[in-house]
Amino acid sequence: MDISVIGCGYLGAVHAASMAQLGHDVVGIEVDVPKAELLASGTAPFHEPGFETLLKDSLASGRLRFSSDMADAAGSQVHFVCVGTPQKRGEYAADLRYVESATESLTDVLAPGELVVGKSTVPVGTAARLAELVTGKVPGALLAWNPEFLREGFAVQDTLHPDRLVYGLPAGTDGDTARALLDEVYATIVADGTPQVVTDYATAEMVKTAANSFLATKISFINAMAELCEATGADVKQLADAIGYDDRIGRKFLNAGLGFGGGCLPKDIRAFMARAGELGADQALTFLREVDNINMRRRIRMVELAREVCDGSLLGKRIAVLGAAFKPDSDDIRDSPALNVAAQLQLQGATVRVTDPAANENIRRSWPQLEVVETAEEAAHRADAVLVLTEWKQFRELDPVAFGQVVARKAVLDGRQALDRDTWVAAGWSYRALGRRAG
Ligand code: UDX
């Protein structure tokens, strides 16, 4: 099929390359000209395992191209809208201006019978509004909502082998036509037996925000347990293992630590609360405010722990921060818990050196006040404390004996339960972690 993908950020770029991989002819439309050129040259503008290879393969096959001109979307049977919906400045609500303007300008080149597919995460009610815009301007054109659940670090795998396909469709025969087009786009994925949920716009929109809210709640639940463990001397890791054996609960997303960050969970739960308020149903989601609060408290607690380890004062202390991306295998530093902690430590008088295997360039650009170095050893040189704040493999595999040679004091704070406590303690380190006994 001929497919256009409007917006080639994280979601759109991966989606465009994946659709070409499935055998479609794809044009990615990206208004940021340097980014479009980078993609067209086969270079990934962000760190994502497997993406650059997929991009190069798809470009070489001749089935993928990029453009900054919306006119190049003309003639595609299906148009995916993949632009961002960031949090509004100073508000909880999502900023819909990119989705609205992308859809609006798409209607200039859209023809009857073509399908617009929204993939961005939007407040419930947006699809119905955009459907009116699309069909108002181009009678006979269709709109569907098909949320995306990709995780950074697994984006290619999640796009080509999703857990489920969710289609939010208009009523009646328009819905049947839209479904047939989507099934054709995803023929390979459908043939794999991937479960499908075919529903209305509102449910499809809510599936995404409900899923992210559930994940955020699960993380904050275990982090609340970590707070209690700190008060009682219990161990949150063992607690998570024990409750996780119950397969109604499950062990995934029960890793206590610094909590969630990134471009999705924090802003999605806030936008969900804001939308519930507009709908007069804010009580239903007040618990998400607590989920957010628990999450933010973990960052404060980490700074306190660092101060404790530094004999009660951060002033003049050297601190190594290992990890800055909001999760490993990503260079994304949006709402990064690690950088939040690093900046706080510096504000409170510590000399902080940060390093991350992929995000160093992004930190230098966005946080010029932080000192960024290339290796864990450089960061830890004569340090009074080492904080592991993103669980990169490189940090998990550090040799505590050799690493102990570079620091001034062997004090490690494990913000992600990334290290083996016993090995580090055996190598003479004092070990502290959120929700765990000191070692
Ligand atoms: C999330 C959703 O998982 C994905 O389905 C959706 O499409 C986009 O948002 P992502 O933002 O890539 O994906 O990250 P995710 O793997 O969900 O992790 C989010 C944050 O939670 C990270 O900061 C991570 O470190 C943290 N986390 C995750 C924990 O603190 N504990 C856990 O047990 C799991």
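In this predicted model, the shell around the ligand takes at least three residues from each of two domains, domain 1 (2-198) and domain 2 (214-433). When it comes to secondary structure, the top contributor to that shell is helix H9 (residues 201-232), which puts in four residues. As for chemical character, the shell residues split into ten nonpolar, six charged and four polar. There are 20 residues around the ligand, and the ones that come nearest are Phe149, Leu150, Glu152, Phe326 and Lys327.

Polar contacts come next. Phe326, one of those nearest residues, also has a backbone N or O atom sitting 2.9 Å from an oxygen atom of the ligand. Arginine 416 uses its side chain instead, with a polar atom 3.2 Å from a ligand oxygen. With leucine 254 it is the backbone again: a polar backbone atom there is 3.4 Å from an oxygen atom of the ligand. On its own, the ligand has 660 Å² of accessible area, and the protein covers 92% of that.

Turning to another part of the model, glutamate 132 is found in helix H5, which runs over residues 126-137. Glutamate 132 counts as exposed because its relative accessible area, 61%, is over the 50% cut-off. Leucine 143 is eleven residues from glutamate 132 in sequence, and the C-alpha atoms of the two are 9.1 Å apart in space.

Key. Residues are numbered from 1 along each chain as its sequence is written. This is a predicted model: local features need pLDDT of at least 70, side-chain atom pairs count only at pLDDT 80 or more; totals for chains, interfaces and linings use all residues. Side-chain values use heavy atoms; hydrogens and water are left out. A residue is near a molecule or strand if one of its heavy atoms lies within 4 Å of it. A polar contact is a pair of N or O atoms within 3.5 Å; within protein, one must be able to donate a hydrogen and the other to accept it, and residues adjacent in sequence count only if both atoms are side-chain atoms. Accessible areas come from the Shrake-Rupley method with a 1.4 Å probe; for residues, only the protein chains shown count as cover. Helices (H or I, at least four residues) and strands (E, at least two) are DSSP runs, numbered from the N terminus. Ala, Val, Leu, Ile, Met, Phe, Trp, Tyr, Cys and Pro count as nonpolar, Asp, Glu, Lys and Arg as charged, and the others, Gly among them, as polar. Domain bounds come from an automatic or database domain assignment. Buried means under 20% relative accessible area, exposed over 50%, partly exposed in between (1.4 Å probe, protein chains only).
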